[in-house]
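Q: Please take a close look at one part of this model for me. I would like the overall build first, and then the detail.

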Amino acid sequence: MATAGTLAAPAYLGLEGTRPGLPAQFYVDAAHHEKELRALWYRSWIYVCRAADLREPRAFRTAAIGNQSILVVRNEKGTLRAFHNACRHRGSALCAEHEGRLRSRYIVCPYHGWAYNLDGGLAVVPGIDIPEDFDRSQYPLYDVALAEWGGCVFARLEGTGASIGDAIRPSSTYMANWPMAGLVTGHTERKVLACNWKVFWENFSECYHCPGVHPELCELVPIYGRSISRTHDDPEWQRHWDDPDPKYRGGLRQGAETWSADGRAIGPTFASLNDQERKAGHRFSTIWPTMYAVGHADYMRIVSMRPVAPEETELTVEWLFSPETLAGPRADLERAIEFGRMVVGQDGAVCELNQRGLRSRAHRQGVLMPQEHGVFAFHEWVRRGLAAL
Ligand code: FES
Ligand SMILES: [Fe+2]
């Protein structure tokens, strides 16, 4: 059997016929949005930041998801810990800032001064009248599960069982040859899009829109110009199986080395990649609902999102480089940054357009075409999560 990448080549990936989309009210309704937060966001691994952003002991970050806030801190021994950002006394938020470094080795509640050590234990209870039998060990901070993958930190508010590895699609080893953990964030951009978070994921999950929305990307990745992203998205893939033209085979156009404004590499290729991975031009891993990572031959990108409101999603794009590439000319990095910014900008614009139409009182539900099988898979994940609530 022929193979594509390191995975066995599947048969035609498309759906047999069409499928109904999710109900339009799922994209605008506040009560439904709240339900999705509980069913999907509070029960899934959520990307917080790069572990390197919390390098020093006492460094902390807070991550807001819906009306919840998670506090991640590196303790004195160098271990990351995550807690609900809520005091055990009367529930005050502990850290109001998004990021910083604690002034002491305690997390001190700004309200009445209860102080917790960096493992969450209640250490100090100020006051003139503390009952002798008051047992501080009964009031540790509320723990939050924490995990790391490829130098990325994830937290999960509820649920047990599934590891971060279980959440990575298509598999936890798909990008194993990328030296992700050792890469450094060279540039970050953040933007609030006027769309529901699912609209962004749907757009990410299909290339039906590529010819109309991404002319430059389609020139770099010719198969995208056929409105598909992989060989097996084509029902007639067998007819072209031996054709080395990237229009059929996937990968970058002749002569291109990476996703950059001119297609040229921006730094040395990662030595750990195999030949196929080097030539493929890109590889994507997704972790619903929080982020996806893209590996190119010489750099990576992380795109993460956070639902702000039913029709608002905060998007963060981080460009990761090897220390060696990062030390090179800024103009080279800019070629990568510029290209990613352009593609994400194009996607953001159609996502906002999509959202505007979804408000129509006439529109009850969309319809998925066979090549939108990735959107269907995402919808199935959403439906399963909602059903399990
Ligand atoms: S609410 Fe935190 S010390 Fe009172
Ligand atoms: Fe796109």
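A: Start with the overall size. This is a predicted model. The chain has 389 residues, and a compact globule of that length would have a radius of gyration near 21 Å; the chain has 23 Å, so the two agree. Along its principal axes, the C-alpha trace spans about 80 × 55 × 35 Å.

Next, the secondary structure. The chain holds ten helices and 19 strands. Of its 389 residues, 49% are buried. Take the contacts with a separation of 6 or more: 66% of them join residues 24 or more positions apart. The accessible surface comes to about 18100 Å². Carbon and sulfur atoms hold 50% of that surface. The chain carries 43 positive and 46 negative charges, and the mean positions of the two sets are 2 Å apart.

Now the domains. The assignment gives domain 1 as 18–42 + 171–387. Domain 2 covers 50–149. Their centres, taken over C-alpha atoms, are separated by 35 Å. Where they meet, 16 residues of domain 1 are in contact with eight residues of domain 2.

The close look goes to valine 28. This residue sits in the loop between strand E3 (19–23) and helix H1 (30–41). Is valine 28 buried or partly exposed? Its relative accessibility is 28%, and buried means under 20% while exposed means over 50%, so valine 28 counts as partly exposed.

What does valine 28 touch, leaving aside its neighbours within four places in sequence? Its contacts are Pro310, Glu311, Gln355, Leu358 and Arg359. Cysteine 195 is a further reference point. Valine 28 and cysteine 195 are 167 residues apart along the chain. Their C-alpha atoms are separated by 8.9 Å.

Other loops deserve a check of the backbone. Begin with the cis peptide bonds. One runs from arginine 169 to proline 170, with omega near 0°. Proline 170 is in the loop between helix H2 (164–167) and strand E14 (184–193). Another cis bond joins tryptophan 288 and proline 289, where omega is about 0°. Proline 289 lies in the loop that links strand E15 (283–287) with strand E16 (291–295).

Then look at phi. Arginine 58 has a phi near 80°, a positive value in a residue other than glycine. Its loop lies between strand E4 (46–50) and strand E5 (59–65). With a relative accessible area of 23%, arginine 58 is partly exposed. Serine 227 also has a positive phi, near 65°, and is likewise a residue other than glycine. Serine 227 is in the loop between helix H5 (215–220) and helix H6 (246–249). Its relative accessible area is 16%, and the cut-off for buried is under 20%, so serine 227 is buried.

Back to valine 28 for the short version. It is a partly exposed loop residue, placed between strand E3 and helix H1. Its contacts beyond its sequence neighbours include Pro310 and Arg359. On the model, begin at valine 28 and find cysteine 195, with 8.9 Å between the C-alpha atoms.

Note on methods: Residues numbered from 1 in each chain as written. Chains lettered and ligands numbered in written order. Predicted model: local features only at pLDDT ≥ 70, side-chain atom pairs only at ≥ 80, totals over all residues. Heavy atoms only, no water. Helix = DSSP H or I, 4+ residues; strand = E, 2+ residues; numbered from the N terminus. Rg over C-alpha atoms; globule rule 2.2 N^0.38 Å. Buried < 20%, exposed > 50% of the residue type's maximum accessible area, 1.4 Å probe, protein only. Contact = heavy atoms within 4.5 Å. Areas by Shrake-Rupley, 256 points an atom, 1.4 Å probe, with all protein chains shown as cover. Lys, Arg positive; Asp, Glu negative; His and termini not counted. Charge placed at Lys NZ, Arg CZ, Asp CG, Glu CD. Domains from an automatic or database assignment.
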